[in-house]
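Work through the exercises below with the model open. Each task is followed by a stepwise solution.

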Amino acid sequence: MSRTVKEAPVEIAIVGGGIIGLCLAAGLIKQNVKVKVYEQAKGFREIGAGMAFTANAIRCMGLMNPDIVSALRSGGSVATSLDKNDPNDYLRWIDGYNKRRKEDPSYQQMLFKIDAGYKGFEGTRRDQFLEALVKVIPQEIVELKKRLDTIEEKPDGRVQLKFAGGAVAEADAVIGCDGIKSRVRELMFGSDNPTSYPHYTHKVAYRALVPMDKAIQALGEYKARNQHNHVGPNAHLIHYPVANQTMINATAFVSDPNEWPDDKVTVVPALRKDLEDAFADWNPCLTALIQHFPEKLEKWAVFDTWDYPAPFYNKGNVCLAGDAAHASSPHHGAGACCGIEDALCLRTLMDQVNTTLGEKTATKKEALGSAFAVYDAMRRTRSQWLVNSSRRVCDLYHQPEWGREQQWTKAETCFEEIKDRSLKIWHFDYDAMVKETVEEYVQKHPHIYQPEYMGANNGGGVACH
């Protein structure tokens with residue numbers, strides 16, 4: 001049954017033009033929602049490092065807007081495994097530290113693998129995906145060089161955004177997709193609240209894109225062309241193919257017992273020698289791969305929101321999504337996937353808001369406030385679990401027992417737990433989420449006609465300075 005929205009379309013301001021913000025915008029424009037994306041940078045830029053999406057997350061993209069999936073694949077996405085004898089994707093954990101065969105020092109023992117199914121993951125370069133995503137979005141809905149200063153609700157229920165430099169904009173609601181250092185989150189919770197900021201996980205990362213021929217020299221053909229996670233005491237290194245199998249994305253993580261000196265500066269210059277020292281006693285395959293990292297590197301401090309999770313994701317007609325809500329360390333490789341789930345939930349709710357307005361059973365402020373309350377109820381528990389779980393699995397990867405032969409068996413008992421946690425991410429029932437989201441919203445607005453589905457609000461005004 002087609003529906004006509006009888007009043008002006010809902011206007012949504014998305015703060016942040018990263019991958020989640022643009023995916024959400026692409027989904028909302030399919031729902032007769034007027035969208036503006038405000039990005040503080042001069043242009044859309046992402047680091048050239050790789051990322052991967054689960055098959056589940058890609059299906060969520062398709063439900064929002066099939067053009068998102070096209071953008072992902074036009075950016076050079078590839079399955080993270082390439083085995084001519086087995087089309088499925090796997091997560092693989094391999095002993096990166098020990099030399100278990102004296103006659104073959106480069107031998108690495110496979111410790112565990114989980115079958116993720118056919119095209120269970122697709123890896124891509126962040127910058128290429130973002131570049132392709134920008135082409136999905138009408139150019140006129142994006143405003144660059146807009147650094148958010150304050151948000152305030154006006155007497156008519158609309159929300160006013162003020163930007164550095166004096167520019168002002170209005171919308172019916174604001175969705176903060178402005179990442180781990182979210183200004184929207186800071187405005188929502190206050191500058192003196194630790195919830196407003198991410199905190200150091202005591203892990204640092206070194207990233208590199210290595211040409212495939214160099215990776216094969218170091219690792220061998222099979223390991224180079226398939227995802228592997230090399231674990232060992234106090235560190236691990238993960239890699240997978242990107243850019244149509246012409247490169248691998250490799251990231252080394254090292255435990256750091258110290259405090260990070262400046263939470264405003266989370267990326268600092270480093271040298272390959274720092275990484276060589278950290279992995280000096282590791283398997284020769286790993287030390288050889290590190291030789292193909294650039295001599296000058298960047299050291300990334302890994303921050304997340306685990307220490308002080310947000311008690312709610314919505315306040316009035318303002319809400320948080322993606323890393324702005326639940327920034328995770330990358331050890332599950334699922335932070336962006338979780339943000340895509342957020343975006344699908346919000347896209348579903350905006351469809352319901354349009355229905356409410358078409359039936360004239362609530363004001364925009366009422367309908368959007370209800371929608372964001374449902375979003376908080378649907379998304380907060382799962383997304384905050386992911387932040388927690390990502391820290392947990394990294395601790396398991398970095399067990400000191402990996403370096404003690406008599407405790408190898410003890411260390412290997414971790415994999416059943418890792419499997420359970422991974423399957424919880426991969427097998428998320430997004431259809432059930434969509435159905436329950438609709439049902440929860442309808443309970444708040446029971447007069448809505450629902451052709452398919454029958455049947456916690458931090459409400460009130462918002463002033464964020």
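**Exercise 1. Nonpolar cores**

Task: In this predicted model, find which residues of the largest nonpolar core touch the most other members.

Solution:
- Step 1. Take the largest nonpolar core, which holds 101 residues.
- Step 2. Rank its members by the other members they touch. Ile12, Ile14, Phe53, Phe129, Ile175, Met350 and Val353 touch the most.
- Step 3. Expand Met350, leaving out residues up to four places away in sequence. Met350 touches Ile12, Leu28, Val33, Leu368, Ala371 and Phe372.
- Step 4. Look for a separate core. A second one has 29 residues, including Val210, Trp282, Phe293 and Phe303.

**Exercise 2. The six-stranded sheet**

Task: Give the strand order of the open sheet formed by six strands, then place helix α1 against it.

Solution:
- Step 1. The order reads β8-β2-β1-β12-β20-β19, with mixed pairing.
- Step 2. Find the edges. β8 (142–143) and β19 (314–315) each pair on one side only.
- Step 3. Take one pair inside. β1 (residues 11–15) and β12 (residues 173–176) run parallel and are joined by four bridges. Ile12 stands opposite Ala173 in β12.
- Step 4. Add the helix. α1 (residues 19–28) lies across β1, β2 (34–38) and β12, at about 165° to β1.

**Exercise 3. The eight-stranded sheet**

Task: Do likewise for the open sheet of eight strands, and compare how α6 and α14 run across strands.

Solution:
- Step 1. The order is β6-β5-β14-β15-β16-β13-β18-β17, and the pairing is mixed.
- Step 2. The edge strands are β6 (110–118) and β17 (267–271).
- Step 3. Check the twist. Ignoring direction, neighbouring strands are turned by 25° against each other on average.
- Step 4. Inspect the β17 edge. Five bridges join β17 to β18 (residues 296–304), and the two run antiparallel. Pro269 stands opposite Glu298 in β18.
- Step 5. Place the helices. α6 (residues 212–219) lies across β13, β14, β15 and β16, at about 105° to β13. α14 (residues 415–426) lies across β5 and β6, at about 15° to β6.

**Exercise 4. A helix pair**

Task: Are α2 and α3 parallel or oblique to each other?

Solution:
- Step 1. Get the geometry. α2 (residues 55–64) and α3 (residues 66–74) pack at about 130°, with axes 5 Å apart.
- Step 2. Classify. Angles from 65 to 115 degrees count as roughly perpendicular and those over 145 as roughly antiparallel. The pair fits neither range, and α2 and α3 are therefore oblique.
- Step 3. List the contact. Ile58, Met61, Gly62 and Met64 in α2 meet Pro66, Ile68, Val69, Leu72 and Arg73 in α3.
- Step 4. Sort these residues: seven are nonpolar, one is polar and one is charged.

How values were computed. Residues are numbered from 1 along each chain as its sequence is written. This is a predicted model: local features need pLDDT of at least 70, side-chain atom pairs count only at pLDDT 80 or more; totals for chains, interfaces and linings use all residues. Side-chain values use heavy atoms; hydrogens and water are left out. Axes are lines fitted to C-alpha atoms, for helices over the stretch in contact, and angles run from 0 to 180 degrees between N-to-C directions. Angles under 35 degrees count as roughly parallel, over 145 as roughly antiparallel, 65 to 115 as roughly perpendicular and the rest as oblique. Contact means heavy atoms within 4.5 Å. Ala, Val, Leu, Ile, Met, Phe, Trp, Tyr, Cys and Pro count as nonpolar, Asp, Glu, Lys and Arg as charged, and the others, Gly among them, as polar. Two strands pair if DSSP finds at least two bridges between them. A nonpolar core is a set of buried Ala, Val, Leu, Ile, Met, Phe, Trp, Tyr and Cys residues joined through side-chain atoms within 4.5 Å. Buried means under 20% relative accessible area, exposed over 50%, partly exposed in between (1.4 Å probe, protein chains only).
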